[in-house]
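This briefing describes a single chain, beginning with one residue and then widening to the surface around that residue and to the chain as a whole.

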Amino acid sequence: MIDKEKVLHNFLREFKKQDKPQVLANMKVETDVGTKIISLLKKENLTYEEAYGSLQYAYDLLKYESNFLKLPD
């Protein structure tokens, strides 16, 4: 069985420490959704590693599901 640390390490490969994002600063819907996601992660009382692992899993799942669905423009 794979231990939690190895799994988190694999998920964290995509997330590097950065400053506050500026790219979406003028995109209200995207920043609102992002803020809601961060609030949910905080509410779940996750460690940073668990939160990043959850985000990586969500990203991978969304990427996989994009094969089967089309998000609205």
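Tyrosine 64 lies in helix 3, which covers residues 48-65, where helices (H or I, at least four residues) and strands (E, at least two) are DSSP runs numbered from the N terminus. The model is predicted, so local features need pLDDT of at least 70 and side-chain atom pairs count only at pLDDT 80 or more, while totals for chains, interfaces and linings use all residues. Residues are numbered from 1 along each chain as its sequence is written, and side-chain values use heavy atoms, with hydrogens and water left out.

**Two tyrosines of helix 3**
- Tyrosine 64 has a relative accessible area of 49% and is therefore partly exposed, a class that falls between buried (under 20%) and exposed (over 50%), with a 1.4 Å probe and protein chains only.
- Tyrosine 57 is also placed in helix 3, and its relative accessible area of 47% makes it partly exposed.
- The C-alpha atom of tyrosine 57 is separated by 9.7 Å from that of leucine 12, although these residues are 45 residues apart along the chain.

**Surface patch**
- Tyr57, Leu61, Tyr64 and Phe68 make a nonpolar surface patch of about 460 Å².
- Patches are made of residues with over 30% relative accessible area and no salt bridge (a side-chain nitrogen of Lys or Arg within 4 Å of a carboxyl oxygen of Asp or Glu), with like charges joined within 9 Å and nonpolar side chains (Val, Leu, Ile, Met, Phe, Trp, Tyr) within 5 Å.

**Whole chain**
- The chain contains three helices and zero strands, in the sequence pattern α-α-α.
- Of the 73 residues in the chain, 8% are buried.
- About 7,100 Å² of the chain is exposed, with carbon and sulfur atoms supplying 59% of it; accessible areas come from the Shrake-Rupley method with a 1.4 Å probe, and for residues only the protein chains shown count as cover.
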